[in-house]
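Here is a friendly walk through one protein model, with a look at its strands, its rings and the empty space inside. Keep the 3D view open as you read.

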Amino acid sequence: MLRKLALLCLALTVPAVGQTTLNGAGATFPYPMYSKWFSEYHKAHSDIEINYQAIGSGAGIRQVLSQTVDFGASDTPMTNDQLASAKVKLLHIPTVLGAVVPAYNVPGVTGELRFSPKTIADICLGKITSWNDKAIMADNPGVNLPNQNIVVVHRSEGSGTNFIFTDFLSKVSPDWKATAGAGASVKWPVGLGAKGNEGVAGMIRQMEGAFGYVELIYAVQNKMSFGLVKNAAGSWVKASLEGVTAAAASVKDMPADYRVSITNAPGKDAYPISSFTWLLIPVQSKDAAKGKILADFLNWMLDNGEKMTEPLDYAPLPDSVAAKVRETIKQIH
């Protein structure tokens, strides 16, 4: 009897024959989508497990460069220097599009606020310090705004969401561009840091007067207030799948390596703080079996995963981009 129990325990602790585990790490921006995809892919391929750590784009890039993971993920395109330092050629595979929203916690204000690009930049520069500042009031005529100090909340680690937001600010504000610039990590003039989209969302929810930026799904899931943004065409736009798709449509010629920015895109319907997000995939995996699985997963993503985006507030790849990605996947082995 004891021998049978011992054998049973051993069987439960030993992985199934043929079980393959892939490990990835990186961006928190697409984490809700990737979590769904990896779970659904596992249901269809019970012998394959894909583990993903949402630790930020900067850390994801570092780990894929050091080859401690099978793939990375980032909302920040890798630089030429980073790509040149890679031990194997890395591909940027666009997966979905998402939006970063200006989120806030203003006592007594229940309606949607509006934020012009200059107002957002000046809040983040520390030039606007109170919610009843004349610039915010000019964006929101008729709204009774309190004399409440603004507490800026930003990401504390290297982050693709940081890059998307600061890339937008650098395009719309010469002062921001000269002071902090665009990057996964920048020196914030003011504010408090929090880790991950979930950390920023949590701090904004808890702190009266807070203002910050999170990926759309985190604002929706946490029932946070987030504002409309004036786009390049002068329209006030609230983040939506349609607005993100309109921003993506501004890319007439997608570069071969897919490294492109769509912040502050033209068009009256374009949401201005939109971005692609990418998986960072080695052309040649150290384990050939894993290379085949990555290629298969990416084709599954195009065939099945893109249909799952809307409930999680991401926009699918435009058909033209998906067709190009399908050809790129053929390089992976």
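Two strands pair if DSSP finds at least two bridges between them. With that rule in hand, and bearing in mind that this is a predicted model, we can begin with a small sheet.

## A three-strand sheet

Strand S10 (residues 228–230) and S11 are joined by two bridges and run antiparallel, so the pair meets the requirement of at least two bridges. Across this pairing, lysine 230 has tryptophan 236 of S11 opposite it. The sheet they belong to is open, with three strands in the order S5-S10-S11 and mixed pairing. Strand S5 (114–115) and strand S11 (236–237) are its edge strands, each pairing on one side only.

## Strand S3 and its partners

Now turn to strand S3 (residues 71–74). Which strands does S3 join, and in what direction do they run? Strand S1 (residues 20–26) is joined to S3 by three bridges, and the two run parallel. Strand S12 (residues 274–282) is also joined to S3 by three bridges, but here the strands run antiparallel. Alanine 73 is a handy marker for both pairings: glycine 26 stands opposite alanine 73 on one hand, and leucine 279 in S12 stands opposite alanine 73 on the other.

In a regular strand the side chains alternate between the two faces of the sheet. For S3, Phe71 and Ala73 are on one side, Gly72 and Ser74 are on the other, and all four are buried, so both faces of the strand are covered.

## Aromatic rings

There are 20 aromatic pairs in the structure. In one of them, the ring centres of tyrosine 34 and phenylalanine 38 lie 5.9 Å apart with their planes at 40°, so the pair is tilted. The tilted label follows because stacked applies to planes under 30 degrees apart and edge-to-face to those over 60. Both tyrosine 34 and phenylalanine 38 are in helix H2 (residues 31–44), four residues apart, or about one turn of the helix.

Are these two residues buried or exposed? Tyrosine 34 has a relative accessible area of 0% and is buried. Phenylalanine 38 has a value of 6%, so it is buried as well, the limit being under 20%.

Ring pairs also tie residues into a cluster made up of Tyr31, Tyr34, Trp37, Phe38, Tyr41, Tyr52, Phe71, Phe297 and Trp300. Phe71 is thus a member of this cluster as well as one of the buried residues of S3.

## Glycine 305

Where does glycine 305 sit? Its place is in the loop between helix H12 (288–303) and helix H13 (319–329). Glycine 305 is buried, because its relative accessible area is 0%. Apart from neighbours within four places in sequence, glycine 305 is in contact with Trp37 and Trp300, and both of these tryptophans are in the ring cluster. Glycine 305 and histidine 42 are 263 residues apart in sequence, with a C-alpha to C-alpha distance of 12 Å.

## Empty space

Rolling a probe the size of a water molecule over the atoms shows where empty space is left. The count of cavities of 30 Å³ or more comes to two. The table sets them beside the largest pocket.

| Space | Volume | Lining by class |
|---|---|---|
| Largest pocket | about 200 Å³ | seven nonpolar, four polar, five charged |
| Largest cavity | about 40 Å³ | five nonpolar, three polar, one charged |
| Second largest cavity | about 30 Å³ | seven nonpolar, no polar, no charged |

The largest pocket is lined by 16 residues, and those nearest its centre are Gln67, Val69, Asp70, Pro282 and Lys286.

The lining of the largest cavity consists of Phe163, Ile164, Asp167, Val260, Ser261, Ile262, Thr263, Ser275 and Trp278. Helix H7 (160–172) and S12 each supply at least two residues of this lining, and H7 gives the most, with three.

Which residues line the second largest cavity? They are Phe38, Phe71, Leu279, Ile281, Leu294, Phe297 and Leu298. S12 and H12 each contribute at least two of them, with H12 giving the most at three residues. This lining brings back some familiar names: Phe38, Phe71 and Phe297 are in the ring cluster, and leucine 279 stands opposite alanine 73.

Methods:
Residues numbered from 1 in each chain as written. Predicted model: local features only at pLDDT ≥ 70, side-chain atom pairs only at ≥ 80, totals over all residues. Heavy atoms only, no water. 1 Å grid on protein atoms, 1.4 Å probe; cavity = no way out; pocket = protein on both sides within 12 Å on 5 of 7 lines; lining within 4 Å. Points joined across faces, edges and corners; volume = space filled by probe spheres on them. Nonpolar A, V, L, I, M, F, W, Y, C, P; charged D, E, K, R; others polar. Buried < 20%, exposed > 50% of the residue type's maximum accessible area, 1.4 Å probe, protein only. Contact = heavy atoms within 4.5 Å. Phe/Tyr/Trp six-rings, centres within 6.5 Å; stacked < 30°, edge-to-face > 60°.
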